[in-house]
Amino acid sequence: MTDKQTILSELENGVKSLQQEAAVEAAKKAVAAGVSPVEAIEHGLAKGIREVGEKFERKEMFVVELIYAATIMEEAIKVLEPALKASKEKRHSTGRFVLGTVAGDIHDIGKNLVRIMLEASGFEVYDLGKDAPTENFIAKAKEVGASLVGTSSLMTTTVEVQKEVVDALRAAGIKAPAMVGGAAASDEWAKEIGAIYASDAGSAVTVAKQLLGKGA
Ligand code: B1M
């Protein structure tokens, strides 16, 4: 008998101790035990990867270990993804959301979670991927008549590009609200550049719906 707390610890430990098999097994246990996939990610896997990031920053881990930890997290998320998608009822299109990680930044785990949650909530998501050139946001937003445009940025060295995207949208006459997120973004930063901040994948959905007047 494995309780939720044990499974969350196993997910966290699998990532931070670089044990792929253990993390994937824990993800399978989470699904079998009916643990919320959002909780499994936020309070299990993401806790582990953030600890890896802190160790990397303190030079207690090498970049190759950081890369491996990210791969482990991605493999475990693959196990949770069907439950994540099933956890929300599919509805008519809630809105068209152009999403990507800004140019110069290759972090996409968080952005991918945001995409999964938005899709699960009925949004049509146009995912530009990672290291996405600013002009791609503008071109795609025009092409699909975006209701919202969102950028993810995890590094202090690329957070400025979120402003570049907002400025380029406005210069092109696109009025769709701009959402920003990722570890380098903040509410204060969003206000400064004329965007709206969402701290995690769940609040990205809530905020997006509120912006479109579709309720939380
Ligand atoms: Co890198 N990395 N990394 N990294 N990495 C950070 C960001 C860092 C803080 C680590 C550290 O030093 N402590 C640091 C940046 C420092 C800074 O700000 N200047 C850093 C660095 C330096 C680097 C490299 C430069 C390392 C190197 O090569 N020397 C390099 C970057 C190269 C580049 O981009 N050009 C690099 C590479 C990598 C990996 C490839 C190994 C891997 C990424 C793999 C991948 O994404 N496919 C990686 C990882 C895993 C991390 C950390 C450890 C974890 C990031 C993550 O996946 N978190 C990270 C440390 C940290 O963030 N504390 C770090 C889990 C994820 C679920 O959370 O992404 O925050 P997050 O997303 C959340 C919310 O932020 C929010 O919702 C998500 C779900 O809740 N959210 C949004 C995200 N986007 C949103 C958009 C929205 C709304 C909400 O609306 C549009």
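Biologist: Which side chain has an N or O atom 2.8 Å from a nitrogen atom of the ligand?

Modeller: This is a predicted model. Polar contacts are N or O pairs within 3.5 Å. One such pair joins a ligand nitrogen to a side-chain N or O atom at 2.8 Å. The side chain is that of histidine 107.

Biologist: How far is a nitrogen atom of the ligand from an N or O atom in the side chain of threonine 156?

Modeller: The threonine 156 side chain supplies an N or O atom here. Its partner is a ligand nitrogen, and the distance is 2.9 Å.

Biologist: Which residue places a polar backbone atom 2.8 Å from an oxygen atom of the ligand?

Modeller: Here the protein partner is a backbone atom, not a side-chain one. Glu42, Ile106, His107, Asp108 and Ser152 come nearest among the 37 residues around the ligand. The backbone atom belongs to isoleucine 106.

Biologist: What is the volume of the pocket whose space the ligand takes?

Modeller: The ligand takes the space of the largest pocket. Its lining has 40 residues, with His107, Ile109, Gly110, Leu154 and Ala183 nearest the centre. The volume is about 1,300 Å³.

Biologist: Which element gives the largest share of that lining?

Modeller: H3, H4, H5, E3, E4 and H9 each give two or more residues to the lining of the largest pocket. The largest share is 8 residues. Those come from H3.

Biologist: How many residues of the shell around the ligand are charged?

Modeller: The shell has 19 nonpolar and 11 polar residues. The pocket lining divides into 23 nonpolar, 9 polar and 8 charged. For the ligand shell, the charged count is 7.

How values were computed. Residues are numbered from 1 along each chain as its sequence is written. This is a predicted model: local features need pLDDT of at least 70, side-chain atom pairs count only at pLDDT 80 or more; totals for chains, interfaces and linings use all residues. Side-chain values use heavy atoms; hydrogens and water are left out. A residue is near a molecule or strand if one of its heavy atoms lies within 4 Å of it. A polar contact is a pair of N or O atoms within 3.5 Å; within protein, one must be able to donate a hydrogen and the other to accept it, and residues adjacent in sequence count only if both atoms are side-chain atoms. On a 1 Å grid over the protein atoms alone, a cavity is a set of points where a 1.4 Å probe fits but cannot get out, and a pocket is an open set with protein on both sides within 12 Å along at least five of seven lines; lining residues have an atom within 4 Å of a point. A molecule sits in a cavity or pocket if more than half of its atoms lie within 2 Å of its grid points. Ala, Val, Leu, Ile, Met, Phe, Trp, Tyr, Cys and Pro count as nonpolar, Asp, Glu, Lys and Arg as charged, and the others, Gly among them, as polar. Grid points are joined across faces, edges and corners, and a volume is the space filled by probe spheres set on the points. Helices (H or I, at least four residues) and strands (E, at least two) are DSSP runs, numbered from the N terminus.
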